[in-house]
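Grab your viewer and work through these exercises with me. Each one sets a task and then walks through a solution.

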Amino acid sequence: MEQELAELETLSRDELSARWQKQYGCLPPTSVRRELLIRSAAWHLQAKRLGGYSAETRRRLKFAMADVSKTLADHDADQLAKKTDGTRATVPLTNTSRREPPLAAAGAKTGSGTLSKPKRRDALPGARLIRDWNGRTHVVDVIEGGYVFEAKLYSSLTAITRKITGTHWSGPRFFGLVTR
């Protein structure tokens, strides 16, 4: 198996893309770096030989995917309900009013009111967080009670983000778990 893993480094991007397509049933996004394609192929090779996720992790992933699907369906239904003429509603990505502050366009209170709290998604054990930073792909595995990064256990994503960037950032925001 070690030899097969080492051979993945010699494959072209097209060969790695073909493996991705075989594994996931679709072509990889064009923005996916070659290193991620290699890691994905390596994971599938190891999972085939050594076993994949545990039954508990598969159950949690299935639950998480169902939750995401429901959230997306609810969001689409809300957007469709905003229009009464039968056309699909869209949410503007930019503020079109010069007088209105940008956050007010998104529905946040301004002036003496308070801003809406960012929405945070929690990563469940078994999840893998991937972030490209300064040309390097960083992978964090979520486990019960913490996170594993570079074979070390961390209690917070913020500590990992500090190690990656060298400055204080919100770990959940850095890894895309916080949205406005």
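Helices (H or I, at least four residues) and strands (E, at least two) are DSSP runs, numbered from the N terminus. We're working on a predicted model, where local features need pLDDT of at least 70, side-chain atom pairs count only at pLDDT 80 or more, and totals for chains, interfaces and linings use all residues. Residues are numbered from 1 along each chain as its sequence is written, and side-chain values use heavy atoms, with hydrogens and water left out.

**Exercise 1. Place Ser156, and say what lies across from it in space.**

Step 1: Ser156 sits in the loop between strand E5 (152-154) and H6.

Step 2: check its accessibility. Buried means under 20% relative accessible area, exposed over 50%, and partly exposed in between (1.4 Å probe, protein chains only). Ser156 comes out at 26%, so it is partly exposed.

Step 3: look at Pro172. The two are 16 residues apart in sequence, and their C-alpha atoms are 8.9 Å apart.

**Exercise 2. Get the overall layout of the protein chain.**

Step 1: count the elements, and you get 7 helices and 6 strands.

Step 2: read them in order from the N terminus: α-α-α-α-α-β-β-β-β-β-α-α-β.

Step 3: tally burial. Of the 180 residues in the protein chain, 25% are buried.

Step 4: sort the contacts (heavy atoms within 4.5 Å). Among those in the protein chain between residues at least 6 apart in sequence, 34% join residues at least 24 apart.

**Exercise 3. Describe how H2 and H3 pack, then zoom in on Ser40.**

Step 1: fit the axes. These are lines fitted to C-alpha atoms, for helices over the stretch in contact, with angles from 0 to 180 degrees between N-to-C directions. Helix H2 (residues 13-24) and H3 have axes 10 Å apart, at an angle of about 50°.

Step 2: classify the angle. Under 35 degrees is roughly parallel, over 145 roughly antiparallel, 65 to 115 roughly perpendicular, and the rest oblique. H2 and H3 are therefore oblique to each other.

Step 3: get the handedness. A crossing is left-handed if the near helix is turned anticlockwise from the far one by less than a right angle, and right-handed if clockwise. H2 passes H3 in a left-handed crossing.

Step 4: list who meets whom. Arg13, Leu16, Ser17, Arg19, Trp20, Gln23 and Tyr24 in H2 meet Arg34, Leu37, Ile38, Ser40, Ala41 and His44 in H3.

Step 5: pick out Ser40, which belongs to helix H3 (residues 34-50). Its relative accessible area is 8%, so Ser40 is buried. Leaving aside residues up to four places away in sequence, Ser40 touches Trp20, Gln23 and Tyr24.

**Exercise 4. Which residues form one aromatic cluster with Trp133?**

Step 1: set the criterion. Rings of Phe, Tyr and Trp (its six-membered ring) pair if their centres lie within 6.5 Å; planes under 30 degrees apart count as stacked, over 60 as edge-to-face and the rest as tilted. Searching the whole structure turns up 6 aromatic pairs.

Step 2: take Trp133 and Trp169, an edge-to-face pair at 5.1 Å centre to centre with 80° between the planes. Trp133 lies in strand E2 (residues 128-133) and Trp169 in the loop between helix H6 (157-165) and helix H7 (171-174), so this pair ties together parts 36 residues apart in sequence.

Step 3: try Trp133 and Phe174. Their ring centres are 5.5 Å apart and their planes at 65°, so this pair is edge-to-face. It links strand E2 to helix H7, with the two positions 41 residues apart in numbering.

Step 4: put it together: Trp133, Trp169, Phe174 and Phe175 form one aromatic cluster. Within it, Phe174 is buried at 3% relative accessible area, while Trp169 is partly exposed at 32%.

Step 5: look for a charge over a ring (NZ of Lys or CZ of Arg within 6 Å of the ring centre and within 35 degrees of the ring normal). Arg131 lies over the face of Phe174, 4.1 Å from the ring centre.

**Exercise 5. Is Thr161 buried or exposed, and what does it touch?**

Step 1: find Thr161 in helix H6.

Step 2: at 0% relative accessibility, Thr161 is buried.

Step 3: skipping residues up to four places away in sequence, its contacts include Trp169, Phe174 and Phe175.
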